[in-house]
Amino acid sequence: MRTAVVVGTGLIGTSIALALSRRGVLVYLDDADTTAARTAEALGAGSLEMPAGQVDLAVLAVPPASIGTVLARCQRDGLAHTYTDVASVKVRPHEEVRAAGGDPSRYIGGHPLAGAERSGPLAARADLFEGRPWVLTPSPLTDRSALNRGLELVSLCGGVPVLMDTDAHDRAVALTSHAPHLVASMMAARLEHAEAEHIRVSGQGLRDVTRIAAGEPALWSDILTANADAVADVLDGFAKDLERLIAVLRALPGAESEARRAAAADLQELLRRGNRGHARVPHKQRSQPAEYVAIPVAVPDQPGALARLFSTVGEAGVNIEDVRIEHSLDQPSGLVELLVESTSVAGVRRVLDANGWTMREKPLLVGEG
Ligand SMILES: NC(=O)C1=CN([C@@H]2O[C@H](COP(=O)(O)OP(=O)(O)OC[C@H]3O[C@@H](n4cnc5c(N)ncnc54)[C@H](O)[C@@H]3O)[C@@H](O)[C@H]2O)C=CC1
Ligand SMILES: O=C(O)C(=O)Cc1ccc(O)cc1
């Protein structure tokens, strides 16, 4: 693949664009929100100029409900030879592609099983997909060349391709992603009005269980609407277990000893089932464990300051793997931590220094989990 367009330069689109650019693909960026597109460009993800001719692949990284119309528009404009998307559901986008009059032979559905609870290009990282499953959903109408292009995309991004049909995909992710998201949200919602004193004594377990509840509600309601039945089926089973669990917990303290023993046994069995399910969760794998270093830079609270910082680093030929921003209210500057590969630190510090940026001295070593 020599050229690609990424439509939708948020978390996933910009991560794909960064990965492709690093592998020498010429990437063009397009987003309805020009700030998102400009930020992705400043991160080194690609160019905002539109290609002169047809590109090899267009990756649609827009919300699920927009895939059909965006694909139909891109195909009408003859933007690319082949098209793929990254939406978290697959049945509905495939239907919409047909309904919107798109050419299904040059479209292959896709879904990388990697992401984050954050949105937007600033959360993107080039190695997001390394070692992660990436589902491709060829239909009987999909051309062989489109499937091959999809496989090439997955490989360039370091993902592990998994071929599935759209129904099986949507049922699988209802169990492994969509229902868990709602369970995390429901648990996190318990905290909304909890006493601050109680929340103060939270440990890592609460963070683990609620992390994904921070996801963007608009995107998640779009995803859940498109897979509502399959998610409701998973939650039906969950609700039955929950009902049983509540009855067991109520029976534990006051019951006669025989009933108490039975309730304790039930409780243990529910917990053991949890152990057995947890043992089946695949562990995160990365092909090359990365070691990043955070460079803390003081950035003035002025329009365009972040973009200037990113371009300075981009001009040095260094990829920013991640960015954290510490906003200090009422301060004339904020602290931005640029995460770069450890081998690039000296070069980045030199170029930032030469361009007048102020850095904190001690870099933080960031272990990749
Ligand atoms: N967030 C995650 O962890 C994952 C998300 N996905 C899927 O990836 C897709 C994108 O999600 P994120 O990157 O998280 O969202 P995001 O909100 O970070 O980015 C979406 C981008 O699409 C742009 N956009 C929306 N409609 C558009 C249109 N009609 N034309 C051009 N640009 C448009 C938005 O301005 C935004 O910049 C979704 O389909 C989602 O289901 C897949 C795997 C993981
Ligand atoms: O944040 C996480 O750990 C995720 O699992 C993110 C995620 C969100 C949506 C997807 O369709 C796939 C992955």
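**Ligand 1**

I began with A32 in this predicted model: one of its backbone N or O atoms lies 3.2 Å from a nitrogen atom of ligand 1. Next I looked at D31, where a polar side-chain atom sits 2.6 Å from an oxygen atom of ligand 1. At G120 I found a polar backbone atom 2.7 Å from an oxygen atom of ligand 1. I then asked how much of the ligand the protein hides: ligand 1 has 830 Å² of accessible area on its own, and the protein covers 83% of that.

Which elements give two or more residues to the shell around ligand 1? I noted α1, α3 (67-76), β5 and α9 (217-226). Counting by residue, 27 of them surround ligand 1, and the closest are I12, D31, V62, S88 and G120.

**Ligand 2**

S88 turned up again here, so to speak, in the list around ligand 2. The other residues I wrote down for that list are H111, A114, G115, A116, E117, R211, I212 and W220.

I went through the polar contacts of ligand 2 one by one. For S88, a polar side-chain atom lies 2.7 Å from an oxygen atom of the ligand. For H111, an N or O atom in the side chain is 2.5 Å from an oxygen atom of ligand 2. For R211, the matching entry is a side-chain N or O atom 2.7 Å from an oxygen atom of ligand 2. On its own, ligand 2 has 340 Å² of accessible area, of which the protein covers 76%.

**The sheet**

I turned to the strands next. Seven of them form an open sheet with mixed pairing, and I read the order as β2-β1-β3-β4-β5-β6-β7. Which strands are at the edges? They are β2 (26-30) and β7 (160-163), each pairing on one side only. From one strand to the next, the twist averages 25 degrees.

I followed the pairings from β4 onwards. Strand β4 (residues 80-85) and strand β5 (residues 107-112) run parallel and are joined by two bridges. Y83 has Y107 in β5 as its bridge partner. How do β5 and β6 run, parallel or antiparallel? They run antiparallel, with four bridges between them; G109 is matched with T137 in β6. From β6 to β7 I found four bridges again, and these two strands run parallel. There, V135 has V162 in β7 as its bridge partner.

I also checked how covered β6 (residues 133-137) is: four of its five residues are buried, so to my eye the strand reads as mostly covered, taking buried as under 20% relative accessible area.

**Helix α2**

My last stop was helix α2 (residues 34-42). Which of its residues are buried? I listed A36, A37, T39, A40 and A42. An α-helix has 3.6 residues a turn, so residues three or four places apart point the same way. I kept that in mind when looking at A36 and A40, both buried.

What covers the buried residues of α2? The cover includes α1 (11-22), β2 and α12 (305-315); I had already met β2 as an edge strand of the sheet, and α1 as one of the elements in the shell around ligand 1.

I finished with the two ends of the helix. D33 caps the N-terminal end of α2, with a side-chain oxygen 3.0 Å from the backbone nitrogen of T35. After α2 comes G44, and I noted its positive phi, near 90 degrees.

Key:
Residues numbered from 1 in each chain as written. Chains lettered and ligands numbered in written order. Predicted model: local features only at pLDDT ≥ 70, side-chain atom pairs only at ≥ 80, totals over all residues. Heavy atoms only, no water. Pairing = 2+ DSSP bridges. Axes fitted to C-alpha atoms, helices over the stretch in contact; angles between N-to-C directions. Buried < 20%, exposed > 50% of the residue type's maximum accessible area, 1.4 Å probe, protein only. Contact = heavy atoms within 4.5 Å. Polar contact = N/O pair within 3.5 Å; in protein donor to acceptor, adjacent residues only side chain to side chain. Near = heavy atom within 4 Å. Areas by Shrake-Rupley, 256 points an atom, 1.4 Å probe, with all protein chains shown as cover.
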